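Visitor: I'd like a quick tour of this one, with the reasoning behind the labels. Where do we start?

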Amino acid sequence: MLPLLRLLQDGRFHSGEALGAALGISRAAVWKQLRSLEAELGLPVYKVRGRGYRLASPLRLLDERKLSEEAWPVSVLHSVDSTNSEALRRLEAAQSVPFSVLAERQTAGRGRRGRTWISPFAENLYYSLVLRVEGGMRQLEGLSLVVGLALVRAIRGMGVEGVGLKWPNDLLVDGRKIAGILLELSGDPADVCHVVIGIGVNVNMMPGQASTIDQPWTSMRAVLGCGVDRNELVSGLNKQLMGYLSLHQQRGFSALLEEWQGCHLWQGRQVRLTAGAQEIVGVVLGVDVTGALRLLVDGVERHFSGGELSLRLSDDS
Ligand code: BTN
């Protein structure tokens with residue numbers, strides 16, 4: 001961790017003189033480092049005359065050493081464009097798989113359908129896991145839905161009981177988005193390829209902090225009314241992913257289909273599905289063994305798959 005950040009992480013006031021003495025630098029150099037901390041990490045530092053400097057609130061950063069002992073090799077970065085992009089670059093540079101990349105902040109976090117994923121420093125979870133997929137398309141069928149299921153279990157495990165899924169893999173609480181998943185492939189999906197499983201969870205970010213998000217959203221902290229330990233969340237998520245991914249690898253999505261539907265918040269609801277210029281209104285019957293959405297449209301069952309679809313309750317205006 002950056003030495004200055006380590007000194008400030010308790011959220012208390014520290015005088016410029018004390019910071020300078022601890023770092024062995026002048027007060028002017030402290031001031032310069034504070035400015036670059038704000039610029040590089042987007043982290044506001046408050047200055048009060050006579051008291052010194054402090055962060056808006058105490059920081060609990062992700063613990064790379066502890067997290068590495070648990071599941072896959074983990075790298076925790078202070079700031080990166082996107083953990084998915086970084087994972088793809090590492091894959092290109094022949095880093096051995098599996099591995100995961102986490103970041104305290106993303107400057108160009110990516111969501112589905114070309115959206116931006118707002119990623120302030122040390123507030124949320126920005127997580128990418130890289131796996132090798134053998135066995136072609138069958139091993140990819142339903143994979144993103146299974147990741148959604150593991151994430152629901154991990155978030156419920158932290159006390160957010162009302163969280164559920166919206167096909168294909170949005171996580172919602174009371175109609176507001178709390179987490180999302182972006183899967184990206186590298187290689188030949190019909191043969192051997194790698195998949196980057198990108199997961200973003202709104203953990204401690206509070207409404208008002210991210211006015212640029214263009215859809216209703218919430219966070220674990222907003223739901224629970226108290227801050228959440230992100231290291232604990234990552235541990236729980238790793239455990240859930242290990243269990244669900246190995247079940248999916250051995251038995252396919254069909255073994256998890258019923259459980260997935262049990263977590264689907266829009267099961268049996270009238271919906272409008274937007275696929276490009278096409279709009280289809282129907283009732284959600286569930287999903288099939290490939291993870292495609294089953295809709296009852298004018299009395300006929302139809303199946304829809306692919307990332308270009310959007311689902312809206314038909315009474316939404
Ligand atoms: C969605 O639109 O619902 C998907 C959001 C996925 C965001 C995560 S954050 C970690 C990883 N890195 C990215 O750039 N995106 C994913």
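**Around the ligand**

Guide: Let's start at lysine 177, where a side-chain N or O atom sits 2.5 Å from an oxygen atom of the ligand. Keep in mind that this is a predicted model, where local features need pLDDT of at least 70, side-chain atom pairs count only at pLDDT 80 or more, and totals for chains, interfaces and linings use all residues. Residues are numbered from 1 along each chain as its sequence is written, and side-chain values use heavy atoms, leaving out hydrogens and water.

Visitor: What makes the pair at lysine 177 a polar contact?

Guide: A polar contact to the ligand is a pair of N or O atoms within 3.5 Å, and lysine 177 has its pair at 2.5 Å. Glutamine 106 has a side-chain N or O atom 2.9 Å from a ligand nitrogen, and for threonine 83 the distance from a polar side-chain atom to a ligand nitrogen is 3.1 Å.

Visitor: How much of the ligand does the protein bury?

Guide: The protein buries 99% of the 410 Å² that the ligand exposes when taken alone (Shrake-Rupley method, 1.4 Å probe).

Visitor: Why is cysteine 263 called buried?

Guide: Because buried means under 20% relative accessible area (1.4 Å probe, protein chains only; exposed is over 50%, partly exposed in between), and cysteine 263 has 5%. Cysteine 226, at 43%, therefore counts as partly exposed.

Visitor: How many disulfides are there?

Guide: Zero, with a disulfide taken as a pair of cysteine sulfur atoms within 2.5 Å.

Technical notes. Polar contact = N/O pair within 3.5 Å; in protein donor to acceptor, adjacent residues only side chain to side chain.
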